[in-house]
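Reader: I should be grateful for a close look at a single part of this protein, namely its helix packing and the nonpolar core to which that packing belongs. Please treat the matter as one connected account.

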Amino acid sequence: MKSLALALSGGGIRGCAHLGVLWALEQANIPIAGIAGTSSGAIAAMLFVREAPESRNITYQKLEQIGRLGYAELEFLFHPPKVATKGFDVLAKTLSGWEKVIRGGVFGAGLVSADALRSSLIALIGGARFEDARIPLAFLAVDLLTTERVVLRHGSMLEAALASSAIPGVFPPVQIDGRSLVDGHVLENVPISVAKELAPDALVLAVDVGDENTPALVPKTALDVILRSAHISRDALRKQSLQNADLRLALGDLPGGAFEYGQCQALFEAGFARATAMLPEIKAAIDF
């Protein structure tokens, strides 16, 4: 029987779908030789290997809480029409975060600090290291100065996950071993090459939670132009990368944008359902 190496894509809070996929594979006793993650895929992998089995199906709730408490301003910035319908209290709280966004964008290397994410994840995983993981892990980041692809497999899982998910312009780069590291999606949002390196003898299952919903065709603001341009680049890289996977689970049509924290449960359940439906194909491929 063969095993799987998973390549988990980035996608912001849409990474909650990864937790559903991982939970479905574990319940089915599918052998996993390693997990490679980019951005939220790295965070999902880290939480999965650290959580007790009986609590993994509610981990998405912790991610939703982190987003709501620490980064409500990002939801307003990137999904304003949807936030505006949630009532005055939510809107007022979100607007109050704009001071932090403006300050970070003008005087810092990111719109917001990663401190809230870091402190919340420390509470969940403590000082966990790659060497302690029950499943081999590898997270992809990019050196902002040298443009090099950086695969993180040793030391602090937390710092590596933060580096892999440091969305350029949103979060500041993370300093590791003298490098300024940013989100791995810059080069490979679905880290298939990393999964192959991590477990050369395994079949690679690419799980893509990137949002396939095309942004407005007629940009109305400067931010719309930036997001649309990034979408074009990211989509081209994604299609090229996915050709190298043995198996593919595309979840780009799921509801919710990268910072729509209220979609966590729906994303988790959809990831679980889609992975469960794919089990016959997976089992046939690995001779289970």
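Author: The protein contains twelve helices and eight strands. The model is a predicted one. Of its 288 residues, 51% count as buried. Among contacts between residues at least 6 apart in sequence, 77% join residues at least 24 apart.

The account may begin with the core. The largest nonpolar core has 76 residues, and within this set Ile35 and Leu205 touch the most other members. The greatest contribution to this core comes from helix H12, residues 264–286, which supplies nine residues. Apart from the largest core lies another core, of 16 residues, including Ala7, Ala138, Val194 and Leu242.

Ile35 merits a closer description. Residues up to four places away in sequence being left aside, Ile35 touches Leu6, Leu8, Leu22, Ala45, Phe48, Ile135, Pro136, Leu137, Ala138 and Leu198. Of these partners, Leu22 is also one of the H1 residues that meet H2, and Phe48 is one of the H2 residues that meet H1.

Helix H12 comes next. Its buried residues are Cys264, Leu267, Phe268, Ala270, Gly271, Ala275, Met278, Leu279, Ile282 and Ile286. One of these buried residues, Leu279, is also the site of a kink of about 50°, which lies shortly before the proline Pro280. Beyond the end of H12 comes Asp287, which has a positive phi, near 60°.

The packing of the helices can now be set out. Two packed helices are described by the angle between their axes and the distance between the axes. For H1 and H12, the angle is about 40° and the axes are 7 Å apart. The two helices are oblique to each other because an angle of that size falls outside the ranges for roughly parallel, roughly perpendicular and roughly antiparallel. Their crossing is right-handed. On the H1 side, the contact is made by Cys16, Ala17, Leu19, Gly20, Val21, Trp23, Ala24, Leu25 and Gln27. On the H12 side, the participants are Cys264, Leu267, Phe268, Gly271, Phe272, Ala275, Thr276, Leu279 and Ile282. The kink residue Leu279 thus belongs to the contact with H1.

Helix H1, residues 16–27, also packs against helix H2, residues 40–50; their axes come within 9 Å and cross at roughly 40°. H1 and H2 are therefore oblique to each other as well. H1 passes H2 in a right-handed crossing. Here His18, Leu19, Leu22, Trp23 and Glu26 of H1 meet Ser40, Gly41, Ala44 and Phe48 of H2. Leu19 and Trp23 take part in this contact and also in the contact of H1 with H12.

H2 itself is mostly covered, with ten of its eleven residues buried. These buried residues are Ser40, Gly41, Ala42, Ile43, Ala44, Ala45, Met46, Leu47, Phe48 and Val49. Ala45 and Phe48, both buried in H2, are also among the residues that Ile35 touches.

A site in a loop may be added to this picture. Val186 lies between strand S6 (179–183) and helix H10 (192–198). Val186 is partly exposed, since its relative accessible area of 35% falls between the 20% limit for buried and the 50% limit for exposed. Neighbours within four places in sequence being excluded, Val186 is in contact with Val142, Pro168 and Leu237. Val186 and Leu237 stand 51 residues apart along the chain, and their C-alpha atoms are separated by 8.9 Å.

Definitions and conventions:
Residues numbered from 1 in each chain as written. Predicted model: local features only at pLDDT ≥ 70, side-chain atom pairs only at ≥ 80, totals over all residues. Heavy atoms only, no water. Core = buried A, V, L, I, M, F, W, Y, C linked by side-chain atoms within 4.5 Å. Buried < 20%, exposed > 50% of the residue type's maximum accessible area, 1.4 Å probe, protein only. Helix = DSSP H or I, 4+ residues; strand = E, 2+ residues; numbered from the N terminus. Contact = heavy atoms within 4.5 Å. Bend = angle between axes of the 7 residues up to and from the residue. Axes fitted to C-alpha atoms, helices over the stretch in contact; angles between N-to-C directions. Parallel < 35°, antiparallel > 145°, perpendicular 65-115°, else oblique. Left-handed = near helix turned anticlockwise from the far one by under 90°.
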